[in-house]
Amino acid sequence: MAHLLIMESPTKASTVKNYLGSNYKVVASKGHVRDLPKSTLGVDIDNNFEAHYINIRGKGDLIKELKKEVKKADKIYLATDPDREGEAIAWHLAVSLGIPEEKAMRVTFNTVTKSVVKEAIKNPRGIDMDLVNAQETRRILDRIIGYKVSPFLWKAVKSGLSAGRVQSAVTKLIVDRENEIRAFVPKEYWTIEATLENREGKAFEAKFYGDAESKAKIDLPDEAAAKTVVDAVNGKQFLVADIKKGRKIKNPAPPFITSTLLQEASRKLNFQSQRTMKVAQELYEGINLGSEFGGTQGLITYMRTDSPRISEEAKAEAKEYIIGKYGEEYYPETPRTYKSSANAQDAHEAIRPSGAKLEPQAIKKLLSLDQYKLYKLIWDRFIASQMESAELATVQTDFTCEGSLFRASGYTVKFAGYMALYEESADESEAGDDNM
């Protein structure tokens, strides 16, 4: 054996093994092999917060086996996950297995496909200690806060409770929000909807807006005010006072990042966060699609990201698919680019399919129901994010009756654009609207 490739996940290791030749041995560390001790703080606060790591209980035999493999290997590739946690695991492996710095080659890949994996192995790098230090800082903060605050909770609240870097801050946010809720003074308001019929007998809804003469909006603070309007207009004829027609452009939502994927999977699929991330992990690590679709391969990019950025290769593949499937009018004049938020780390691409041509319906029978649903959601969202905007013809009609102004609005689709494939949830769609 000439080369050893160490990964985190046995599933992903099995997938990657199929891509490499017989001179590669692919093994899995099954996550971390070292951590801070559970019985003590493990952090020397008075000595520059030095961390004292030990091998994780139950990992002894695995570490011995990995050491044997390391001794036999000419080259050692550390292919743990492409984030700061994965970088830290690579560093811990190098230290605990005694891998010399010159032999510890770090490789990362955002998608688990044959071409991407082979390209990553051709371009190894050293371990990024900035990422390792970032993870170690987070781990030390977890430990200090947890071990210092938890005993206080046991005395003040209940035995067995734990505090941490995240949940302690979140608890304060929840308490602050609850205090806001309790301090809120509810204000009563009423709305009125009138069911009207046009001359053809077609029914539609119009909402009370305000004063017919001034067109000023009027709030209805109580039942008496609402009843006054209802009694005045009930059974009376409504007259069309004004019709405004317009054009509205709806832009597609960006491809998913971790937070938006969790939100949309909850809204559209009724998936809880844990379920979504479990299925996403399966899609990322690799699914056996049989010989027809190239065997085992990862179907999506890395699912922990805060950036909507996508590669030029992915844009080109999406363009080819959109034009071939829908026609040139469904592709914008220039490829769409989405900006990351100001505080995004932007370490990884957006969550997208590994290959745009691999349509969900084509591989549906090879996936579990959950895998198919989530893959289709991710695939649809990505392809739609690269499509032309939708064009809507809008109409707003004002009606008057007994001095009151009622308003009805609606739209028809003049050009479907991305809506031919995907429509985001209502609270997201507003961000992509552009009135013209």
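These are my notebook entries on a predicted model, arranged by the part of the structure I looked up.

**Entry 1: the parallel sheet**

I began with the sheet and traced its order, finding that four strands form an open sheet that runs β2-β1-β7-β8, with parallel pairing. At the edges I noted β2 (24–28) and β8 (104–106); each has a single partner strand, so one side of each is left without a neighbour in the sheet. I also looked up the twist, and neighbouring strands here are turned by 25° against each other on average, direction ignored. As background I wrote down that strands of a sheet pair through backbone hydrogen bonds, either parallel or antiparallel.

**Entry 2: strand β1 and its partners**

Next I followed β1, which covers residues 3–7 and is joined to β2 by five bridges, the two strands running parallel. Reading along this pairing, I found that His-3 has Tyr-24 of β2 as its bridge partner, while Leu-4 is bridged to Lys-25 in β2. Turning to β7, I counted four bridges to β1, again with the strands running parallel, and there Ile-6 stands opposite Leu-78.

Is β1 buried or exposed? Five of its five residues are buried, so β1 is largely enclosed by the rest of the structure. I reminded myself that in a regular strand the side chains alternate between the two faces of the sheet. Checking each face of β1 in turn, I found His-3, Leu-5 and Met-7 buried on one side, and Leu-4 and Ile-6 buried on the other, which leaves both faces covered.

**Entry 3: helices lying across the sheet**

I then asked what lies across these strands, and noted helix α2 (residues 60–72), which crosses over β1, β2 and β7 (75–78) and runs at about 160° to β2. Helix α3 lies across β1, β7 and β8, and its direction is at about 170° to β8.

**Entry 4: two helix crossings**

From α3 (residues 84–96) I moved on to α5 (residues 129–156), whose axis comes within 8 Å of that of α3, the two crossing at roughly 100°. Angles of 65 to 115 degrees count as roughly perpendicular, and α3 and α5 are therefore roughly perpendicular to each other. On the α3 side the contact is made by Arg-84, Glu-85, Glu-87, Ala-88 and Trp-91, and on the α5 side by Met-129, Leu-131, Val-132, Ala-134, Gln-135 and Arg-138. Sorted by class, this contact of α3 with α5 has six nonpolar, one polar and four charged residues.

I looked up another crossing, between α9 (residues 273–285) and α11 (residues 369–385), where the axes come within 10 Å and cross at roughly 85°. That angle makes α9 roughly perpendicular to α11. Here Arg-275, Thr-276, Val-279, Ala-280, Glu-282 and Leu-283 of α9 meet Asp-370, Gln-371, Leu-374 and Tyr-375 of α11. By class I recorded five nonpolar, two polar and three charged residues for the contact of α9 with α11.

**Entry 5: the two sides of α7**

Which residues of helix α7 (residues 223–233) are buried? I found Ala-226, Val-229 and Val-233. These cover an arc of only 65° around the axis, which puts them on the same side of α7. The pattern recalls a general rule: an α-helix has 3.6 residues a turn, so residues three or four places apart point the same way. The buried residues of α7 pack against β10 (203–211), β14 (390–401) and β15 (404–415), whereas the face turned away from this buried side carries the exposed residues Ala-224 and Thr-228.

**Entry 6: three loop residues**

I closed with single residues in loops, starting from Thr-301, which lies between β13 (296–297) and α10 (312–326). Thr-301 is buried, with a relative accessible area of 0%. Setting aside its neighbours within four places in sequence, I listed its contacts as Asn-110, Thr-111, Tyr-284, Ala-350, Ile-351, Arg-352 and Ser-354.

Asn-48 sits in the loop between β4 (43–44) and β5 (50–51), and I noted its positive phi of about 60°, although it is not a glycine. Asn-48 is exposed, having a relative accessible area of 70%.

Lys-215, in the loop between β10 and α7, also has a positive phi, near 60°, in a residue other than glycine. With a relative accessible area of 40%, Lys-215 is partly exposed.

Terms used:
Residues numbered from 1 in each chain as written. Predicted model: local features only at pLDDT ≥ 70, side-chain atom pairs only at ≥ 80, totals over all residues. Heavy atoms only, no water. Axes fitted to C-alpha atoms, helices over the stretch in contact; angles between N-to-C directions. Parallel < 35°, antiparallel > 145°, perpendicular 65-115°, else oblique. Contact = heavy atoms within 4.5 Å. Nonpolar A, V, L, I, M, F, W, Y, C, P; charged D, E, K, R; others polar. Pairing = 2+ DSSP bridges. Buried < 20%, exposed > 50% of the residue type's maximum accessible area, 1.4 Å probe, protein only. Arc of directions from axis to C-beta.
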